[in-house]
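Subject: Handover of a structure and its findings

Dear colleague,

Please find below the structure for your use. A written account of what was found in it follows.

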Amino acid sequence: MKPRIENLYVHIPFCTHLCPYCDFPKERLAGNRMREFLRGLRAEWSRAEREMDLQPRRIFFGGGTPTALSPTMMRELFSIAPWGSAGEWTVEANPDGFGSGKASLMAEAGVTRVSLGAQAFRPADLKWLGRRHNRTSIRSAVQAARSAGIPDVNLDLIYGLPDQGPTEWQETLEEACALGPDHISAYAITPEDGTELAARIERGDWHPDPENEALLFLLTNRILESRGFKAYEISNFAQPGHECRHHQAIWSGEDYLGLGPGAVSTVAGRRWRNHPDTHRYAKTAVAGPHPERVEEEERGEKERRTEKILLGLRTSAGLEETSLPGCEDSLLELERKGWGRRMGGRFLLTARGRLRADEVAAILT
Ligand code: SF4
């Protein structure tokens with residue numbers, strides 16, 4: 001029987017410029033590469049259709065910057081598969097280059113959620129992050145999505161930046177809330193290996209401040225909860241009913257198919273990752289049998305359990321106590337420390353516990 005797939009991730013690997021902290025597979029926009037990518041994606045989709053029962057209900061187009069494509073390329077991308085029949089279809093966008101034209105194109109195709117990479121509002125923060133937009137373009141992008149009738153808007157934000165204490169971060173959160181988003185994702189700045197940011201740290205130009213980050217994390221929870229957002233995952237806050245269902249499905253351990261360079265899939269107990277280079281991805285996707293894979297593994301019971309605990313702990317739903325046999329003493333100790341609590345047969349982390357989710361996961365696995 002063909003495996004049924006309801007969750008899709010599609011990676012669009014193009015950006016108008018490259019940010020110093022980013023380690024996602026991406027490259028600068030170039031027309032020939034985009035055409036090659038679209039040919040590869042079409043081939044990968046056709047093959048997946050033959051091998052799997054594709055019934056996408058939750059789709060996420062990430063990147064890169066999907067909206068960096070020209071309107072013609074976006075139309076071609078949207079014509080590859082019946083993406084618009086999914087109940088939830090998120091497309092990531094950058095505030096610069098996202099206006100009413102692309103918003104309408106997306107709404108007509110059936111996009112239900114736009115996720116805007118705002119990251120910050122203060123000019124100094126945006127400059128340090130290497131972003132080219134400003135607070136006016138963020139506001140215009142939100143308005144464009146709303147006017148086009150896209151039902152859900154998410155704003156991505158980053159905290160823990162230089163000279164960003166509680167006062168500056170609170171101002172950022174308040175500016176974000178004033179735009180009326182349905183969802184906010186707030187991430188601590190992370191120096192990924194091989195990035196320009198990691199090199200800056202190595203040179204001693206700057207260093208992260210974990211204590212400040214912890215303070216800002218707790219502040220994020222306090223402020224956003226007071227504005228009606230629910231912290232349904234460590235970095236994700238939604239107004240009631242506006243959670244990202246794609247992410248929730250992945251966190252709960254459902255299968256998902258990832259298409260595009262660098263995309264990861266987990267299907268019927270196997271996990272693989274496509275080659276992150278766009279040219280190699282596209283060339284091998286067209287030649288078949290499938291895009292070159294850089295990692296592929298059979299996932300055993302132990303790995304699945306560890307991942308379930310790790311992902312479950314990050315969510316507000318937590319974990320069923322029955323999924324943690326033999327952990328009674330640890331759960332009591334975590335409750336005593338104020339890191340977690342048991343409620344209705346589930347174990348949930350408190351805000352302080354979420355700061356130490358990895359540590360707690362290590363105790364429970
Ligand atoms: S726009 Fe997004 S994907 Fe592109 S380089 Fe910047 S952070 Fe990375």
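To begin with one helix and its strands: helix α1, residues 31–51, lies across β4 (53–63) and β11. With respect to β11, helix α1 runs at about 155 degrees. Please note that the model is a predicted one.

**The sheet of 9 strands**

Both β4 and β11 belong to an open sheet of 9 strands, whose order is β9-β10-β8-β7-β6-β5-β4-β1-β11. The pairing in this sheet is mixed. Its edge strands are β9 and β11 (257–259), each of which pairs on one side only. On average, and with direction ignored, neighbouring strands of the sheet are turned by 25 degrees against each other.

One of the pairs in this order is that of β6 (residues 113–119) with β7 (residues 152–159), which run in the parallel sense and share 5 bridges. Within that pair, Leu116 has Leu155 of β7 as its bridge partner.

**Two helices in contact**

Helix α2 (residues 71–79) packs with helix α3 (residues 100–109) at an angle of about 15 degrees, and their axes are 11 Å apart. At that angle, α2 is roughly parallel to α3, since angles under 35 degrees are counted in this way. The crossing of the two helices is right-handed. From α2, the contact is made by Pro71, Met74, Arg75 and Phe78; from α3, the contributors are Gly101, Lys102, Leu105 and Ala109. By class, the residues of this contact comprise 5 nonpolar, 1 polar and 2 charged.

**The domains**

The domain assignment divides the chain into domain 1 (4–251) and domain 2 (301–364). Their C-alpha centres lie 28 Å apart. Where they meet, 10 residues of domain 1 are in contact with 8 residues of domain 2. On the side of domain 1 that touches domain 2, the elements giving two or more residues are α8 (210–226) and β9 (230–233). Strand β9 is thus named twice in this account, being also an edge strand of the sheet of 9 strands. The touching side of domain 1 has 7 nonpolar, 1 polar and 2 charged residues.

**The sheet of 3 strands**

A further open sheet has 3 strands in the order β12-β13-β14, with antiparallel pairing. Strands β12 and β14 (293–298) stand at the edges with a single partner strand each, so one side of each has no neighbour in the sheet. From one strand to the next, the twist averages 10 degrees.

Within this sheet, β12 (residues 264–267) and β13 (residues 270–274) pair in the antiparallel sense over 4 bridges. Opposite Val264 is Arg273 of β13, while opposite Ser265 is Trp272 of β13. As a general point, side chains in a regular strand alternate between the two faces of the sheet. The hairpin of β12 and β13 has 2 residues between the strands, and Ala268 takes a positive phi near 45 degrees there.

**A further hairpin**

Strands β16 (residues 340–343) and β17 (residues 346–349) pair in the antiparallel sense over 4 bridges. Met343 has Arg346 of β17 as its bridge partner. These strands form a hairpin with 2 residues between them. Gly344, in the turn, has a positive phi of about 55 degrees.

With kind regards

Terms used: Residues are numbered from 1 along each chain as its sequence is written. This is a predicted model: local features need pLDDT of at least 70, side-chain atom pairs count only at pLDDT 80 or more; totals for chains, interfaces and linings use all residues. Axes are lines fitted to C-alpha atoms, for helices over the stretch in contact, and angles run from 0 to 180 degrees between N-to-C directions. Angles under 35 degrees count as roughly parallel, over 145 as roughly antiparallel, 65 to 115 as roughly perpendicular and the rest as oblique. A crossing is left-handed if the near helix is turned anticlockwise from the far one by less than a right angle, and right-handed if clockwise. Two residues are in contact if their C-beta atoms, placed from the backbone, lie within 7 Å. Ala, Val, Leu, Ile, Met, Phe, Trp, Tyr, Cys and Pro count as nonpolar, Asp, Glu, Lys and Arg as charged, and the others, Gly among them, as polar. Two strands pair if DSSP finds at least two bridges between them. Domain bounds come from an automatic or database domain assignment.
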